[in-house]
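Visitor: I would like a close look at a single part of this model, taken slowly and with the numbers attached.

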Amino acid sequence: MSLKIRNLAVAAVTATSLVSLAACGSSSGSPGSTGTGQSLKGVSFTILGQWTGGEQDAFQAVINAFDSSTGAKGIYTPAAGGDEAGVLGTKVAGGTPPDIAVLSLPGAIQQYAASNKVQPASAAVQSAVTSNFATEWATLASAGGKLYGVPVDASDKSTVWYNAKAFTDAGITTPPATWDDLIKAGQTLSSSGVQVPISVGGGDGWTLTDWFENVYLRTAGVANYDKLTHHQIPWTDPSVATALTALKKIWGNSGLIGSPAAAVKVPFPASVDNVFKKNPTSAVVYEASFVATTITSDKNPAVVGTDAKVFPFPSVNGSAPVSEVAGDFALAFTNNKAAQPFLAYLASPAAAKILVSTSGSGFLSANKNLANSAYPDSTSAELAKQLVAVGNNFRFDMSDQAPAAFGGTPNKTEWADLQTFLTDGNVAAAQRQLEKDAQSVKWN
Amino acid sequence: MTQDVGAVAKAPVVATGPSRKGPGEGRWIAGVFLAPAGIFLAAIVLYPLVYTLVRSFFHDGTTGQATSFAGLANYTHIFTQSDALQALKNNVIWVVVVPVLVTILGLIFAVLTEKIRWASAFKVVLFMPMAISFLASGVTWTLIYADQPSRGLGNAVAIGIHDTFNPQTSYPELHPVGNAVLTGSGTAGYRSAATFAVGSPALVPLAGLNLVAPPKAAQPAVQPSSGSGLRGVVWNDFKLGGGGKAGVIDQGELGIPGLKIEAVKGGKTVATATTQANGTFAFPSLTAGDYTLALPKDDFSAAYGGIAWLGKNLITPSIIVAYLWIYAGFAMVLLAAGMAAIPRDALEAARMDGATEWQVFRKVTAPLLTPVLLVVFVTMVINVLKIFDIVFIIQQSAGGNAKYANVLAVQLYTDYGNQQFGAASAVGIVLVILVLPAMVFQVRNFRRESR
């Protein structure tokens, strides 16, 4: 989940405590994920990730299942300080990579593939990914036409969460389907006594990038989205102006989001809390499917599905439905015997089932062969259904694909520029600054 | 003095002893003894310094590797990139303001503690912040600067004082709805777009009342009673669950009590009234004619939210205050020690000669204290140039305004975190260059003292 990796943390050069068992054997003979007996008995492999807490528990459960069926031993370590990109970069550069790393940045797959640091997926992994995932997921995990990674979990970033009671009190019966509907609903909510109808967590810049990306994906289309993702068109492009102008209809309306100067200080957890706390001051908050986890980790949690409901990010300027997603990919950095079988297992519906059904994980999977009944509650089941249903009609989080110096640094570049745009609403100035910052960064 | 003579007299005895070696040999031995320290210093100070310098002239690849020779590009970036430039500007502010303030505050405290009873207790309290880690101090001050008066001491005081003199307004959440009967804004007050005639009911719809917990005084709105003068009703044209008709008083809609309303004719306020619990109001004295109705801004202007301590303009001064809190005690202790070393007889002589306390301070204490003042000042310059921790911590709770507090060391850290090692190295070298004059001064100073 991208919000984790964005914790600016010490890029600590951790002692290489992970034992890398370079089992120099060929992996060709491995029987694959189905685990015929104890074929990998005594093989131990290391996994680096960024999950802690409930997410770590769920992932550990997957490792345990793999271990017990194959006899291998997977050792999972969360990256120090949550800064996985930094820790992994240091380990790889130092020549002691983990056997497997779970990454939320598809851009990193390209980088490591380009410098031959990752192992291409085995035939078993390839067939597992093709049969269980939409092709766009495979594309994201590939570089130069070769598959390297396996999608592990996914989150739907085109979800708008709302307080069901606030909607009832305001007499809104159908969730807004278009941008104008959303604005109108906001005004109605305001009249019904909701102080700040739409809660914008501008204190964390990444929430703003997600707002922008959803609007841009809708107003500019997937082709432009792909170009802007790789900075093949400049931020001064008219399509960006269109998206920012649409965004300004909400961000620039203090009747909807309250004072922008206040909104730009609200961190993401507070922006969710404002909607679902006991005496809510807001009624609507946009963020990804993982808002559910934020809600349930509250002191007096609202019930997801009853108190807290969700509608798809509205259509802007008549756009067709499309989703923005994010997710994590596992890739192998060594030819440890257990690495490819583990990746193949991760891509299987069996692993996905353990991942999503472990309580407290909040995980969703884009695995299309996973039975929807595996989800512990109806809302996540519904969200997962949508994730699978969109097929290839989605795009991965743009800022997660950009170099971290542009799309992933608090108080800097894209985050800071959108925060400035939130407060001053100057479209042209925002475009100029975004382009200037984009140019100062090295793109792939 | 006699002791000194003794020491000098003793020295030759040692020197002429049988163990005397040639000067060349002594140097060789000294070299051997210094070598471990020298190698150590070269490895952990000299090599990184030189490598940083070299690295700062190279571009960064996507995974942090040095790519091509960049010339001075990484350096010019510091002056062209908005975030780095902000850092540079803030560092200038810090260096200009903080050492002076710390020295002055320290001096004031040191002079005052000489004069008061319980001086030691006072000193301990002032010095206490030095015993707290910067991180803890940063977190503490973050709490002081929090926006919500329920959390932030700063705003609890600011809002408390403000509201004592300007009582809280009543309905900041209300705004006009429906068919635009009212125009204007909460900050300017509202005014009816059309005029109302005496004899026909004036319906003034507003909305935004918190319907889940409405004001206790509010009662359901009713049609204004008939009677003399201009009569009307101000009500919340929205009911719980929606469904009401705009501009019509529906069942369950609440009147807005206690709202001031003015009848205006020809730009002049001719009558004032206050709404009842059910929202009705009346100007019985008004005779036939058309009147504009005005709702003065006092009832609508948003509640005072306190001071944005960590806002765009105040964030750096706010952090500087936190820093002063920490370091004023440090300066005080150094200066107090310096003052204790001033010979009492000099001060007493001045007093005997009829100097006032101020003159004693200016003509005797201050000049004798100059070396210590300089040490404090220069130490602070060096400390402030590499300021990092307290800025970094307080920044965390400033949300989108954090960038306005950026300083060079924080910039270096973020560049490093983004694996832009060339850019980070350039910032590091700039910091070294900035610190260098102060270091040279300090080292010379020490050397002069030890001579």
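Visitor: How many salt bridges does the rule find across the interface of domain 1 of chain A and domain 2 of chain A?

Guide: In this predicted model, the rule finds one salt bridge across the interface of domain 1 of chain A and domain 2 of chain A. That salt bridge pairs A:Arg395 with A:Asp226, whose closest N and O atoms are 2.8 Å apart. Three residue pairs in polar contact, both residues at pLDDT 80 or more, are also found across this interface. On the side of domain 1 of chain A that touches domain 2 of chain A, the elements giving two or more residues are α17 (378-389) and β12 (394-396) of chain A, and by class that side has three nonpolar, three polar and two charged residues.

As for the domains themselves, the assignment for chain A gives domain 1 as 10-154 + 326-395 and domain 2 as 159-322 + 411-439, with the C-alpha centres of the two domains lying 31 Å apart. Where they meet, eight residues of domain 1 of chain A are in contact with 13 residues of domain 2 of chain A, and the area buried between these domains is about 870 Å², with carbon and sulfur atoms giving 62% of it. Of the area that domain 1 of chain A buries against domain 2 of chain A, 60% is supplied by A:Thr379, A:Leu383 and A:Arg395, more than by any other three residues; A:Arg395 is thus a residue to view twice, since the salt bridge with A:Asp226 involves it as well.

Methods:
Residues numbered from 1 in each chain as written. Chains lettered and ligands numbered in written order. Predicted model: local features only at pLDDT ≥ 70, side-chain atom pairs only at ≥ 80, totals over all residues. Heavy atoms only, no water. Domains from an automatic or database assignment. Contact = heavy atoms within 4.5 Å. Buried area = accessible area lost by both parts, 1.4 Å probe. Salt bridge = Lys/Arg side-chain N within 4 Å of Asp/Glu carboxyl O. Polar contact = N/O pair within 3.5 Å; in protein donor to acceptor, adjacent residues only side chain to side chain. Helix = DSSP H or I, 4+ residues; strand = E, 2+ residues; numbered from the N terminus. Nonpolar A, V, L, I, M, F, W, Y, C, P; charged D, E, K, R; others polar.
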